[in-house]
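Reader: Hi! I have a new model open and would love a quick tour of how it is packed inside. Could you walk me through it?

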Amino acid sequence: MAKEKFEKTNVMRVLDQKKVEYKHYTYADTDAISGVEVAEVLGQNPDQVFKTLVTVGRTKEHYVFMIPVAEELDLKKAASAAGEKSIEMIKSKELLPLTGYIHGGCSPIGMKKQFKTFVHRTALDFDTIIFSAGKIGYQVELKPQDLESVVRCTFSDLITE
């Protein structure tokens with residue numbers, strides 16, 4: 001029986017090193033681009049699949065926010081959670097040099113530098129959440145509490161109502 005060829009991402013190596021239990025998925029053979037399409041391809045609830053957004057505050061500090069793929073980050077709520085007067089998304093070209101990840105493959109785990117990370121509170125409604133494994137076409141699923149142990153995140157209300 002042929003073994004499925006599967007490439008481990010840096011995120012998976014970090015989780016292995018920290019002995020965190022996770023599942024991994026790949027959707028590399030599809031045309032799925034948006035988070036909602038990825039959730040659909042994986043047969044998952046889009047409320048349980050999270051995207052990772054990187055922002056910069058007025059103080060020039062960077063912050064990471066994770067929200068369900070079908071939702072929009074409320075910049076006022078994000079600023080409030082981070083203790084900033086205002087927050088804005090970083091430019092796409094800044095993502096790779098800042099985090100080591102490209103747009104569509106950004107994960108809160110394994111960034112070049114650990115930034116303050118905030119996760120939308122609905123993550124706690126699920127036993128597990130799914131998010132990018134650090135490479136387009138790859139996702140990991142783990143308990144929100146395990147994510148918290150790896151990246152020290154805060155759960156807050158972050159989305160537009």
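Author: Happy to! Keep in mind that this is a predicted model. The largest nonpolar core has 32 residues, and L15, I109, V119, I129, F131, V140 and L147 touch the most other members.

Reader: Nice. Which elements give two or more residues to this core?

Author: Those elements are α1 (10–17), β2 (50–57), β3 (62–68), β6 (129–132), β7 (138–142), α5 (144–151) and β8 (153–156).

Reader: And which gives the most to this core?

Author: That would be α1, with 4 residues.

Reader: L147 caught my eye. What does L147 touch, leaving out residues up to four places away in sequence?

Author: With those neighbours left out, L147 touches M66, P108, I109, V119, I129, F131, L142, R152 and C153. There is also a second, separate core of 12 residues, with A78, I87, F118 and I159 among them.

Reader: Let's switch to the strands. Why is β3 largely enclosed by the rest of the structure?

Author: Of the 7 residues of β3, 6 are buried, so the rest of the structure largely encloses this strand.

Reader: Which sense do β2 and β3 pair in, parallel or antiparallel?

Author: Antiparallel, over 7 bridges. As a landmark, T55 stands opposite Y63 in β3.

Reader: How many residues lie between β2 and β3 in the hairpin?

Author: The hairpin has 4 residues between the two strands, and K60 in the turn has a positive phi of about 75°.

Reader: Got it. How many bridges join β3 to β5?

Author: There are 4 bridges between β3 and β5 (residues 116–120), and these strands run parallel. Here F65 stands opposite F118 in β5. You may remember F118 from the second core.

Reader: I do! Now for pockets: what volume does the largest pocket have?

Author: Its volume is about 560 Å³. The lining of the largest pocket is made of 26 residues, and K51, T52, H103, G104 and G105 lie nearest the centre.

Reader: Which elements give two or more residues to the lining of the largest pocket?

Author: They are α2 (35–42), β2, α4 (92–99) and β6. The largest share of that lining comes from β2, with 5 residues.

Reader: So β2 turns up again! What about the chemistry: how many residues of the lining of the largest pocket are nonpolar, polar and charged?

Author: The lining has 15 nonpolar, 9 polar and 2 charged residues. And yes, β2 is also among the elements that give two or more residues to the largest nonpolar core.

Terms used: Residues are numbered from 1 along each chain as its sequence is written. This is a predicted model: local features need pLDDT of at least 70, side-chain atom pairs count only at pLDDT 80 or more; totals for chains, interfaces and linings use all residues. Side-chain values use heavy atoms; hydrogens and water are left out. A nonpolar core is a set of buried Ala, Val, Leu, Ile, Met, Phe, Trp, Tyr and Cys residues joined through side-chain atoms within 4.5 Å. Buried means under 20% relative accessible area, exposed over 50%, partly exposed in between (1.4 Å probe, protein chains only). Contact means heavy atoms within 4.5 Å. Two strands pair if DSSP finds at least two bridges between them. On a 1 Å grid over the protein atoms alone, a cavity is a set of points where a 1.4 Å probe fits but cannot get out, and a pocket is an open set with protein on both sides within 12 Å along at least five of seven lines; lining residues have an atom within 4 Å of a point. Grid points are joined across faces, edges and corners, and a volume is the space filled by probe spheres set on the points. Ala, Val, Leu, Ile, Met, Phe, Trp, Tyr, Cys and Pro count as nonpolar, Asp, Glu, Lys and Arg as charged, and the others, Gly among them, as polar.
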